[in-house]
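Trainee: I am new to this structure. Can we go through the terms and test each against its value?
Mentor: Gladly. Here it is.

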Amino acid sequence: MRPRASDMISKDCVRVAARVRPFNKREKDAGSRCVVSMVSSSITIQDPRDPQNRRSFCFDFAYWSHSGFFQDRSGLFVPEEADGRYADQDSVFQDLGEGILENALQGYNATLLAYGQTGSGKSYSMVGYGPNKGLVPKLCDRLFEAIRGNQETRQCQVFFSMMEIYNEQVIDLLSQGSRTSGGLRIREEQQRGFYVEGLRTVPCDSAQQVEQLMEQGTRTRTTAATHMNANSSRSHMLIILQLKQIFSKENITKQSNINLVDLAGSERQRSCGSEADRLKEGTAINLSLTTLGNVISALADVAVGRKVIHIPYRDSVLTKLLQSALGGNSRTVMIATLSPADICYEESLSTLRYAERAKRIQNRPVVNESPTERLVKELKAENARLLQRLSRLGQEGRRANDETKELRQLLTNNELQIRAIQTLWEQHLQEALRDWEQQYANITQERRMMQMHPYILNINEDAQLSGVVKLFIREGEWDIGLCDSSPRSIAIKGLGIQERHAVFRNEQRRVTLTPHPGSRVIVNGQAVSQTAELQHLDRLILGSNCTYLFIGFPSERGGDEWSRYDYDYFQSEVAAAEGIHLGESSVTGCSQTDPSLLAVFYDYIKLMPMVAEANQMSQELNKGVDFKLEIKNLALSDSKGHDLEKEIVVRVTSVGKKQVWIWSKAKFVNRKFLMEDVYQQHQAEQRETPTVEGLTSAALPRDKDPFWDPVEPLLLGTAHLWLQSLAFRIPLEEQLEVLGSEGTEEAILQAQLVPCNSTGLPLGEDDILIDPSELLGRRLDFQLVLEQCCGLRWIREARNRGVQIGFSLFDCSQPLYTPAVWHNVNPLLDHRVHFASINTSQRLLDYLQSSAVVLELWGLQDGCTDLASSLERVRMTTEGVFIIDDADPTSAAGVNSPELSCAVRALQQDVEELKSVNASLRKENHSLREQLNTARNGGDVGRGRSLRPSCDAEFARALKVFYHSMTSVRAQLQRLRRHRPSEDSDLLGLRLFTDEQSRLLRDFSEQLEQSVCALKQDVAAIVRRKRERSGIWS
Ligand SMILES: Nc1ncnc2c1ncn2[C@@H]1O[C@H](COP(=O)(O)OP(=O)(O)O)[C@@H](O)[C@H]1O
Ligand SMILES: [Mg+2]
């Protein structure tokens, strides 16, 4: 195709539309708020954490598809009111689709891109769901309508092709042959620019035909996704419609390419951990999308007159293929789709920013003319000349036989050439139609089968790919598995699918499923190993993650919609079987669940199938590593013991060497993508040159191996040593339970807090304070003593390991560590650190009274370096005492602890009560003394003076006993919080668990009761004694 210079028209900006979809189930469950608003074509987004922070964007079009609609009987989403603001598929098509069609008919290239995060409605807008047809099918409907309407003036040819770009590989979605490994090649020609070599282009002459091709393409996409266990949200789907119009009268041919692109999800995997991964996967995951962003940025800069040296079209497959659409010969429209939910704020804002940049790009579209058609034109012109010469020869009456013969020969040749050029299309079309009829027959056959037999229906994470594959279970016995040689088999492919995976039996109108030994089969969330009878709408998971819905006999089917059994439903069921659930809400959709818990739950069910797949790949590649999901309790490293925040991590264990890594969610997701790549390569190599299993994978250098990481110290668990006693200068000796992130007991740690003088000499009982505020402005010295660790689970599991304890106090940003101890299950630590506050502030006092020092147990493994205390920003005296004074005494921020559990709050109330009792006692004491003094008239003062210390000391002792008992009450509370049923517990297990739970609860309340009771008694006794004494004296 070469643009005609005369057609050069002025610059044409990329047109941009934004569309907001309704809340999805997750967002409704989370009780999401809408943070997007729209007024005509301007759109405003509000930061949910800072409602004053709003940003507005103005686009060419803005579509409100969030509310004001209902679903009519045919399933169509329609506006509630005729002139309501709801934008349905039709109104979007009218603005965007009609324009593209118009452009194409005029001979311009046109491109439509859908951009947005996964689940924001790209495919809904582009392709559509069921009766709610999207832009592509509507465009085809109208295109063929226009073609039929203009039959007199022009002859039209439409070619359709459909491809997917995944991990920089181009997959032809219409090709029936086996896929070439590495995908199709991109080539470049001067005239054509970049194109995909060998891509199948199918001639079409009806919208129905196009729709069926799209169905076929989606099916290929679905099977490719399961075979390669690839995630469709990471791939781009690209449809190219070539429209050729031959205006025979005018002797012009116009050709235009319409690119319709459903882009990969725009969300970026933000690393939630602090670590940056050793392997740079961020760019590899979607080079095409990143490059598209770079190209758009560069072009936007060009548009505002900035100097741009290079536009990186050549950096990715997608940008090569879209070169003409971006700053070139195309009229381009981008539809940016977003969710209006508060939880999607960051992503939606980033989508809007992206769209705003795209808006600035300027293209130079031109009408295209084809050289082939010019050839026909030239041939026809030549024929006309030849005919003229012939007739002249005739008129001249001269018999020039030879010349006439030659001319006639030339004429026939030309005619033949013209006919050949023109019939080629007819031939192609005929072939395509035959092919299409075959496909059509298949589809009709499939429809008939659906009315006769039970079948299983694929369910994909991407709703667009769900329900595409139907596998029928006809009467008799059928093997399901990789086997496709046997005539009585149903062939499926996917990770963890065995040669013969399971057997379906369809007998006497009952269908059963029997797994083969060693095959993973899950029915409705439960692993099965015996024959299971299937009911209509049962959920099946075969292998690592091939998910199917069972559709029973036609007589069993009601009008029930299967769409409620989506991918999340399947995964939630499996999670529930593992003991992870949201209670009833996951099924009934009530919105009571805490949003942060909900986020953790959805993270869990998102990662669960990925972990199963990673394990299967590890096994097949002989990697010897095992992956396991863990819910990390962030409370463990919180000095106030808050119990709300949780996060999902993946524990990676090398089975042989017993090395352990903990990966953040983001790191795992990225690594899994790289693992898929390695796995694909391995599969391809195995196909070409089958070797002994594992040999190829061993060849991968370690620094490129996504299954491997250098070993690092691992946080095993934490213990809380509450500091309250220090505020009273009471020594504390504790046996602390070190708890792992899932509540397991990792070790027992013996620790002490010893109030001391500045030289480190322990204080005595007489130094105990009744009122901590006496410390204000004074010096406080104490020592933290870590004596011994006992029963280290980490070392028990593998002897070649060591441990260290890390801790940081008050404002110290850098933790201090004990020296490493190795190979010992009960190592002696004997570590003593002296801390001092020279000028005790209220803030420090508050800290001591409400916080704990978090003692972190770090596990060391063979080959990793010890953790070292960084003394950089630490203040220390020459005697090695750590200073923990308030750096800035004016910034005395109150310590607020709204999330402390009720029990702890109740304890604090008790303490308050006791304090007021104490205060009134002091007052009473004071007045008693005054009475005494006046009574004795300054007589025996010595006795009066001795009264106070003895009374206070009694009181202090009572307090000390109380704080000691409080520490064990607190430990009991922690134990209760972490107490969970084991993963594989059955009904009996659960009953045992609840019994144990009630026992713990009983113990807890008894202990609490006892402690408070004892204190009250002690105080009462002190008061009584005092009264008695004062009675003697008065
Ligand atoms: N405008 C809309 N109206 C109704 N439902 C929508 C709309 N946009 C998206 N959805 C629904 O949201 C889900 C995700 O949309 P989809 O288009 O598949 O997302 P994406 O392709 O961006 O990942 C689908 O179930 C789809 O039906
Ligand atoms: Mg999609």
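Mentor: Start with one pair of residues: F504 stands opposite L513 in β28. Bear in mind that this is a predicted model.

Trainee: What makes β27 and β28 a pair?
Mentor: Pairing needs at least two bridges. Strand β27 (residues 502–507) and strand β28 (residues 510–515) have six, in the antiparallel sense. Therefore they count as paired.

Trainee: Which sheet do they belong to?
Mentor: An open sheet of five strands, in the order β26-β25-β27-β28-β31. Its pairing is mixed.

Trainee: Why are β26 and β31 called edge strands?
Mentor: Each pairs on one side only. β26 covers 489–491 and β31 covers 532–533.

Trainee: What is notable about Q508?
Mentor: Its place and its phi. Q508 is found in the loop between β27 and β28. Phi of Q508 is near 45°, a positive value in a residue other than glycine.

Trainee: Why point that out?
Mentor: Most residues other than glycine have a negative phi. N167 is a further case: its phi is positive, about 55°, and it is not a glycine. N167 lies in the loop between β13 (155–166) and β14 (169–172).

Trainee: How do you know that β38 and β39 pair?
Mentor: Count the bridges again. Strand β38 (residues 732–739) and strand β39 (residues 745–756) share eight, in the antiparallel sense. The cut-off is at least two, so the strands pair. L732 stands opposite L753 in β39.

Trainee: What lies between these two strands?
Mentor: The hairpin of β38 and β39 has five residues between the strands. G743 takes a positive phi near 90° there.

Trainee: What is the order of the open sheet of three strands?
Mentor: The order is β4-β5-β6, with antiparallel pairing. β4 (36–39) and β6 (50–58) stand at the edges. Each has a single partner strand, so one side of each lacks a neighbour in the sheet. From one strand to the next, the twist averages 25°.

Trainee: What makes β5 and β6 partners?
Mentor: Strand β5 (residues 42–47) pairs with β6 over six bridges, in the antiparallel sense. Two would be enough, so the test is met. For a single example, the bridge partner of Q46 is R54 in β6.

Trainee: Which helix packs on that sheet?
Mentor: Helix α9 (residues 345–359), which touches β5 and β6. The direction of α9 makes about 30° with that of β6.

Trainee: Now the ligand. How many residues surround ligand 1?
Mentor: 14 residues do. The closest are G119, K122, S123, Y124 and Y129. Helix α3 (residues 122–126) gives the largest share of the shell, three residues.

Trainee: How do you know that S123 makes a polar contact with ligand 1?
Mentor: The pair must be N or O atoms within 3.5 Å. A polar side-chain atom of S123 lies 2.7 Å from an oxygen atom of ligand 1. That is inside the cut-off, so it counts.

Trainee: What about the backbone?
Mentor: A backbone N or O atom of K122 lies 2.8 Å from an oxygen atom of ligand 1. For G121, such a backbone atom lies 3.1 Å from a ligand oxygen. Both values fall within 3.5 Å, so both are polar contacts.

Trainee: How much of ligand 1 is covered?
Mentor: On its own, ligand 1 has 550 Å² of accessible area, and the protein covers 82% of that.

Trainee: How do the residues of the shell divide?
Mentor: Four are nonpolar, seven polar and three charged.

Terms used
Residues numbered from 1 in each chain as written. Chains lettered and ligands numbered in written order. Predicted model: local features only at pLDDT ≥ 70, side-chain atom pairs only at ≥ 80, totals over all residues. Heavy atoms only, no water. Helix = DSSP H or I, 4+ residues; strand = E, 2+ residues; numbered from the N terminus. Axes fitted to C-alpha atoms, helices over the stretch in contact; angles between N-to-C directions. Contact = heavy atoms within 4.5 Å. Near = heavy atom within 4 Å. Polar contact = N/O pair within 3.5 Å; in protein donor to acceptor, adjacent residues only side chain to side chain. Areas by Shrake-Rupley, 256 points an atom, 1.4 Å probe, with all protein chains shown as cover. Nonpolar A, V, L, I, M, F, W, Y, C, P; charged D, E, K, R; others polar.
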